[in-house]
Amino acid sequence: MSAPLTAAAGGPVIVPGARPSTGFWRRAPRHRSFVLGAVLSVLVLGAALLSLVWTPWSAYDIDVAAKLQPPSAAHWLGTDVLGRDIVSLLLVGARATIMIGVIAVGIGLTCGVCLGLIASARKGWTEELIMRMSDFTFAFPAVLSAIMLAAVIGPGMLTSITAIGIFQIPTFVRVTRGSANAIWAREFVLAARAAGKGKFRITIEHVLPNILSVLIVQATIQFALAILAEAALSYLGLGTQPPQPSWGRMLNDAQTLLFQSPMLAVYPGVAIAIAVLGLNLLGDGLRDLLDPRLARER
Amino acid sequence: MTVTNSTGAPLLEVRNLGVGLNTSRGPAQAVRGVSFSLRRGETLGLVGESGCGKSVTALALMGLLPDSAVVSGSIRLEGRELVGLSDVDYCKLRGNRISMIFQEPMTALNPMHTIGRQVAEPLRRHTGCSAAEARKETIALLDRVGLPDAAGRIDSYPHQFSGGQRQRVTIAMALACQPDVLIADEPTTALDVTIQGQILDLIADLVEERGMSMILISHDLGVIAENVQRMMVMYGGTVVESGETDAVFTRMGHPYTQGLFRARPRLGARKGTRLKTIAGTVPELADLPAGCTFADRCAIVETRCRAVLPSVVDVGAGHGVRCLRTDLSMTSAGGVGA
């Protein structure tokens, strides 16, 4: 009876070469907040990349004679209290910001996703232990854990990266475990188990790919939070140490001169705002675009 | 309740299977005292309403119940005890010796992977063949289950197929390693009526062709009548009637089986005829009555029915009924099946 079956199975719904995610690039350019977020994020990334090959002035050269200059053709945004070029500082600061963000989110993402997947796959007391530990970590704000770490290993970039990274872990644990649990409850996971797959393989092949979009969105938003945390830590003097420029340090330096030259605080503030806003918009846009429910509406 | 077999050691033997689940309403005994045996090549039907323990029984056989479930009794596959088997060992059996087809083909396939990959998976896993061999075998399988242009569509994703086609894919997936036992849990419930027959015929053909044993789960008496040699009617977690399909349909012993049979909609009935129903609802598994689980809905219930769970009464060769009042039920309703 196999031959006549071919005709009866309903018209084949062939979409050549189509994958569930194909609509992404078609819909992306029309999504306003995604486009704006992407442009702002690329702007910050571009500044960081540019600083690797070119800055108008050296960000490390001090020229006290030329301190606190207003914007001019030579110094587009003027100079700070030590006579360093503001544009150069902002460009090099972007590098530090992005590096700290990437590494800290990398730590949080790797540890958090692993722990979340383990909790979701093992259930029982393993899940309980991981979740209670992440609750415990979550209770400490990044700044507090950074202060504690600074007390132990001294302030610096490493301290702030570690502190922010650890601070990010519980968020990723929760998001991962929550969405992984939803996938574990799906029938195709049961079918995969019925086909003889073990929990590890199901986690890698079925659970992880299905929660990837959630993780991408969360990572983008956590990146923005990491930038804010880095700025805060540098502002408090716990993060990036002089002479390494950073946006948080620039804010700190500008604080004492707030009435003399208020613009010194505005520039790094705007830079931080652009980076955070850009990443948040990008995250929101990605969430909309990667949501399979919206993806199906074509 | 056992259906005795005349000859041959059973392939699958279930003795006094019980499953306790933790529900939101407290601990529930979802399956009680289910016993049956299945010989190679034999087909068995499980029929009953939703929540009567059919699917839980199937999942218990597959070892796929949640960790919190308590399984008692014995499940033996060719003499090997499966209750309490470690997950690692069970993984080697699932998809290899025992396979399962699920109710919802729409959700039983992972939307992220191609169907070819999903069908080839058990092959790669259990037979250790190469990717090229697995692909060749997968195309042959997909072709066998009647997927049009199998070679051309092996790299398509589940959403590119219709429901019937997807169910064919899940059947191919379940049959990939030539299992000894196939469990089909309502394989046609989610499909169009026109496709149902084809899928059931396909499953029946494949079962015969490969000499598999099959456990077919359905709430549809018609499906059971046409597709299996023996059947078990489940209610409230227990088997209330079991026997050869023909024998059960000719002489229904349990009031519940009779009720199920009367409740099926019929073509050609006069317009305006009300569908017959069984009064009342299925009891909550969390608080089952002490006696017969069907007592509250039974027309011929007596006081003694409520006292203790009735034992199985043999009313024919291999035909057992879990009822105290077979004397009455089988005379008054003897003509139901005719």
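**Exercise 1.** Which residue follows helix 7 of chain B, and what is the sign of its phi?

*Solution.* This is a predicted model, in which local features need pLDDT of at least 70 and side-chain atom pairs count only at pLDDT 80 or more, while totals for chains, interfaces and linings use all residues. Residues are numbered from 1 along each chain as its sequence is written, and chains are lettered from A and ligands numbered from 1 in the order in which they are written. Helices (H or I, at least four residues) and strands (E, at least two) are DSSP runs, numbered from the N terminus. Helix 7 of chain B covers residues 193-210. The residue after this helix is B:Gly211, and its phi is positive, near 65°.

**Exercise 2.** Compare the span of helix 7 of chain B with the expected span, then list its buried residues.

*Solution.* Step 1: the expected span is 1.5 Å times one less than the number of residues. With 18 residues, helix 7 of chain B reaches 26 Å from first C-alpha to last, close to the 26 Å expected.
Step 2: a residue is buried if 20 or more other C-beta atoms, placed from the backbone, lie within 10 Å of its own (exposed: 12 or fewer; partly exposed: in between). In this helix B:Ile195, B:Gln198, B:Ile199, B:Leu202, B:Ile203 and B:Val207 are buried.
Step 3: an α-helix has 3.6 residues a turn, so residues three or four places apart point the same way.

**Exercise 3.** Place strand 8 of chain B among its partners and state how its faces are covered.

*Solution.* Step 1: strands pair if DSSP finds at least two bridges between them. Strand 3 (residues 43-47) of chain B runs parallel to strand 8 of chain B, with five bridges; here B:Val47 has B:Ser218 as its bridge partner. Strand 7 (residues 181-185) of chain B also runs parallel to strand 8 and is joined to it by five bridges, and B:Leu182 stands opposite B:Met214.
Step 2: from strand 7 of chain B the chain passes through helix 7 to strand 8 in a right-handed β-α-β crossover (clockwise from first strand over helix to second, with the strands pointing away from the viewer).
Step 3: in a regular strand the side chains alternate between the two faces of the sheet. In strand 8 of chain B, B:Ser213, B:Ile215 and B:Ile217 are buried on one side, and B:Met214, B:Leu216 and B:Ser218 on the other.

**Exercise 4.** State how confident the predictor is in chain B and in the complex.

*Solution.* Step 1: pLDDT is the predictor's confidence in each residue, from 0 to 100. Chain B has a mean pLDDT of 87, with 96% of its residues at 70 or more.
Step 2: for the complex, the ipTM is 0.80 and the pTM is 0.78.
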